[in-house]
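Open the model in your viewer and keep the selection panel at hand. We will go from stop to stop, picking side chains and strands as we go.

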Amino acid sequence: MKKQLLLFAFSALALTSCEDDNIKAYEIDMLKGDWKESKREVISGKDNKTVLNTQVPTGCSAKNTLYFRTDFYTSYTAYSGNGIDCQVNAATTGKFTYDEENKALNIKFDNNDEEKYKVMVLTSQDLKVMTLSNNIDQNGDQVADYTYITYKR
């Protein structure tokens, strides 16, 4: 009986020790691939509810793509142009880190400062992040406001 109890205890320990790695692998796997920005909202830092500004990408900027791989590589491609004549305007690559417990996503593109985000929503089709870097007061209430960026597949 003691051997069975001991075996059960070791099995439970082994299963729970892998849980965090599995969650991280699952969330990184959901993050991988191409994301297109669908909305950018500035929310009041005072109440974190009041929408101060909303922008929806149109034209060529609707093709801008943020890309993640499971080896922590990331890239961003921006498009510009008129009508359907869209051309790559800028492309950059870099690395990212992701802390699944705190939902902290940090992106460091080559030759740029690290940008910090909090992941608010992550599903197979939706990614919504809150910017934690370079936030400024946009409505004059002396409190820095947050930008929320929503991406779709």
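Start by selecting Asp-29, which is partly exposed with a relative accessible area of 39%; on this scale buried means under 20% relative accessible area, exposed over 50%, and partly exposed in between, using a 1.4 Å probe and protein chains only. Add Lys-32 to the selection: Asp-29 forms a salt bridge with it, and the closest N and O atoms are 3.0 Å apart. A salt bridge here is a side-chain nitrogen of Lys or Arg within 4 Å of a carboxyl oxygen of Asp or Glu. Lys-32 is partly exposed too, with a relative accessible area of 39%.

A word on what you are viewing: this is a predicted model, where local features need pLDDT of at least 70 and side-chain atom pairs count only at pLDDT 80 or more, while totals for chains, interfaces and linings use all residues. Residues are numbered from 1 along each chain as its sequence is written, and side-chain values use heavy atoms, with hydrogens and water left out.

How many salt bridges does a search of the whole structure find? It finds 7. For another one, select Lys-103 and Glu-27, whose side chains meet at 2.8 Å, N to O. This pair links distant parts of the chain, 76 residues apart: Lys-103 is in the loop between β5 and β6 (104–109), and Glu-27 is in helix α2 (residues 19–31). Helices (H or I, at least four residues) and strands (E, at least two) are DSSP runs, numbered from the N terminus. Is Glu-27 buried or exposed? Glu-27 is buried, with a relative accessible area of 11%, whereas Lys-103 counts as partly exposed at 26%.

Next, colour the strands. β3 (residues 65–68) and β4 (residues 73–82) pair in the antiparallel sense over 4 bridges; two strands pair if DSSP finds at least two bridges between them. Pick Leu-66 and you will find its bridge partner, Tyr-76, in β4. The hairpin of β3 and β4 has 4 residues between the strands, and Phe-72 takes a positive phi near 70° there.

Now follow β4 onward to β5 (residues 85–99), which runs antiparallel to β4 and is joined to it by 10 bridges. Thr-74 stands opposite Gly-94 in β5. This hairpin has 2 residues between its strands, and Gly-83 in the turn has a positive phi of about 60°.

Time for the rings. A search of the whole structure finds 3 aromatic pairs. Rings of Phe, Tyr and Trp (its six-membered ring) pair if their centres lie within 6.5 Å; planes under 30 degrees apart count as stacked, over 60 as edge-to-face and the rest as tilted. Select Tyr-67 and Tyr-73 for an edge-to-face pair, 6.4 Å centre to centre with 70° between the planes. Then show Phe-68 and Phe-96, also edge-to-face, at 4.9 Å centre to centre and 75° between the planes. Phe-68 lies in strand β3 and Phe-96 in strand β5, so the pair ties together parts that are 28 residues apart in sequence. Both of these Phe residues are buried. Add Phe-72 to see the cluster that ring pairs make of Phe-68, Phe-72 and Phe-96.

For the last stop, select Arg-69 with Tyr-73: the charged end of Arg-69 sits over the ring of Tyr-73, 4.0 Å from its centre. That label requires NZ of Lys or CZ of Arg within 6 Å of the ring centre and within 35 degrees of the ring normal.
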